[in-house]
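Trainee: Pick one part of this chain and take me through it slowly, please. I'd like a close look at a single place, plus whatever packs around it.

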Amino acid sequence: SRAKSKYCGKEQLYLNLRLKTFKPKIKTNLSKMNPHILEVDLSGCEMLTDANIANFVSVFRHLQIFKIGNNSNISDSSMKSIAANLKDLHTLDINSCYKISNAGLFTIAKYCKKLKSVDIGSVQFAGYLLSFMQGKDISIIKNGFCNQGHPSSLHPSKVEMLDKVDVGIMEDNLI
């Protein structure tokens, strides 16, 4: 017999993604699962897309830990959906999600007010962005090491630049 995943519904989600049945209509099936799930690990699921993430986070709005690392299809669009929907998020794994830019990560840091930890793996983000996040007491996990130090300074023009590249979220999604 197969070992069961410690994460609710992961095998079914993988099956839906492989069969390409994870579409907006799946929302009703997803909502039959407990919408108050706090932790989900979809790391390494090759079929995961930005559209899947948007549908998923619109149903599971109470996620606190969301692991989507090692997914080559995830981009800033997913970061926008996560920022708009996951107000309780405190841990995010985007390790090896190379399509996520500085703007996408900044959007998460700006709108996910409870965020405490982001695993970026070996993905290169701008130093000023990582300093900004550390200034907000967000731990950065890079290549397995956690950097919790506070930046010595962050030039105000760099913060203004971050606000200009923010991918933003739709204001009507803000709660």
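Mentor: Two strands count as paired if DSSP finds at least two bridges between them. Keep in mind that what you're looking at is a predicted model. Now go to strand β4, residues 117-119, and strand β5, residues 139-142: they are joined by 3 bridges, so with at least two needed they count as a pair. The two strands run parallel. For a spot to put your finger on, take Asp 119, which stands opposite Ile 141 in β5.

How does the chain get from β4 to β5? It goes through helix α6, residues 127-135, and the resulting β-α-β crossover is right-handed.

Before you leave that connection, stop in the loop between α6 and β5, where you'll find Asp 137. Its phi is positive, about 60°, although Asp 137 is not a glycine. As a rule, most residues other than glycine have a negative phi. Is Asp 137 buried, partly exposed or exposed? Its relative accessibility is 42%, so it counts as partly exposed.

Now turn back to α6 and look at what lies against it. Two packed helices are described by the angle between their axes and the distance between the axes. Here the partner is helix α5, residues 102-111, and the axes of α5 and α6 come within 11 Å and cross at roughly 10°. The cut-off for calling helices roughly parallel is an angle under 35 degrees, and α5 and α6 are therefore roughly parallel to each other. Which residues make the contact? On the α5 side they are Asn 102, Leu 105, Phe 106 and Ala 109. From α6 come Tyr 128, Leu 129, Leu 130, Phe 132 and Met 133.

Follow the chain back from α5 and you reach the loop between β3 (91-93) and α5, home of Ser 96. Ser 96 also shows a positive phi, near 65°, and is a residue other than glycine. Its surroundings make a nice contrast with the other loop: Ser 96 is buried, with a relative accessible area of 16%, whereas Asp 137 is partly exposed.

So, to pull the walk together: β4 and β5 run parallel, α6 carries the chain across between them in a right-handed crossover, and α5 lies roughly parallel to α6. In the loops, Ser 96 sits between β3 and α5, and Asp 137 between α6 and β5.

Notes:
Residues are numbered from 1 along each chain as its sequence is written. This is a predicted model: local features need pLDDT of at least 70, side-chain atom pairs count only at pLDDT 80 or more; totals for chains, interfaces and linings use all residues. Side-chain values use heavy atoms; hydrogens and water are left out. Helices (H or I, at least four residues) and strands (E, at least two) are DSSP runs, numbered from the N terminus. A crossover is right-handed if, with the strands pointing away from the viewer, the path from the first strand over the helix to the second runs clockwise. Axes are lines fitted to C-alpha atoms, for helices over the stretch in contact, and angles run from 0 to 180 degrees between N-to-C directions. Angles under 35 degrees count as roughly parallel, over 145 as roughly antiparallel, 65 to 115 as roughly perpendicular and the rest as oblique. Contact means heavy atoms within 4.5 Å. Buried means under 20% relative accessible area, exposed over 50%, partly exposed in between (1.4 Å probe, protein chains only).
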